[in-house]
Amino acid sequence: MPGTLDITVWDVQHGSAIYLKTPGGQHFVVDLGTGSYGSQGTFSPLRYLKDRYGVARLDGVLITHPHRDHLDDIANFDGLSPRALSRPKHLTADEVRAGNRSEDQEIVERYLQVSNRYSDSLASSENPFEPQNNGGVRFDRFFPRSCSRDNLNNHSIVCVVSYARSKILIPGDNESCSWDELLAQPPFAAAIRETDILVAPHHGRDSGFCAPLFDAITPRLTIISDGRFCDTSATGRYDDVTQGWTVHKRSGGEEERKCVTTRNDGVVKVAFGTTSDEKRFIRVTVN
């Protein structure tokens, strides 16, 4: 039986952190949030991968955009010696600094130092983001560029991860300007077609909800990585544009859901694969 693509959306409060293990045994991380409502202290996904999952090295890290809630775990970045780093390289250091609060500049400087070390592009034969090098997982990455750089949210990378005829769409904190730009591009429209799972942009806030996006996709499930206090939650709006999918509970049982949230459901695990008779499956598990 072919392997599975295993995806973990961590509970990092108001932040973002996703781990992917490919059928080829490669390890990828999207964003570096920290936190957790389900455990005491500050949860570090990177330390957890190293100490509990036995991950010695990451093959690839994708940082959607340089805001602190997507960067906080960067202090543990070097402990996993990532082979490749993807980030919005078109942003200058001064633009990144200006786009963050003064109290977050220490984290920002660490990010800039790390980014500067990954200046060389890998050959296609060595790039872990290429499907021939990771067991068949496709990472399509789209970089909005035309919006004002005063708002770094609109320069978030949008990543479409595909395997076994299933897709998960992982944006950053994209707002309407960047969605409008990307949706006007035929390659982006083609890449997101038949998206199965959407990770809601901007932690499920109204500012990230883009109605035209749902002219192009009708996800089976929406995952929201949200904080406890969110006065502008668009969860109800995502319910209206999501089909619904069976969600399994680790404690037993299952239910039909349209949206799951890390705040209420804890860590969300997704598996993409195919059965021995070539039927695809998507399995979602929550606390």
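Just one cavity of 30 Å³ or more turns up in the structure, a cavity being a set of points, on a 1 Å grid over the protein atoms alone, where a 1.4 Å probe fits but cannot get out. This is a predicted model, with pLDDT of at least 70 needed for local features and 80 or more for side-chain atom pairs, while totals for chains, interfaces and linings use all residues. Numbering starts from 1 along each chain as its sequence is written, and side-chain values use heavy atoms, leaving out hydrogens and water.

The largest cavity holds about 60 Å³, a volume being the space filled by probe spheres set on the points. Its lining (residues with an atom within 4 Å of a point) includes His-70, His-202, His-203 and Asp-173. By class, that lining comes to three nonpolar, seven polar and one charged, with Gly counted as polar.

As for the largest pocket, about 380 Å³ of space lies there; a pocket is an open set with protein on both sides within 12 Å along at least five of seven lines. Of its 19 lining residues, Leu-85, Arg-87, Lys-89, Asp-120 and Ser-121 lie nearest the centre. Strand 5 gives the most to this lining, with three residues (strands are DSSP runs of E, at least two residues, numbered from the N terminus).

Strand 5 also belongs to an open, mixed sheet of nine strands in the order 5-4-3-2-1-14-15-11-12, where pairing takes at least two DSSP bridges. Strand 5 (84–86) and strand 12 (254–257) each have a single partner strand, so one side of each lacks a neighbour in the sheet. Further in, strands 2 and 3 run antiparallel, joined by four bridges, with Ile-18 partnering Val-30.
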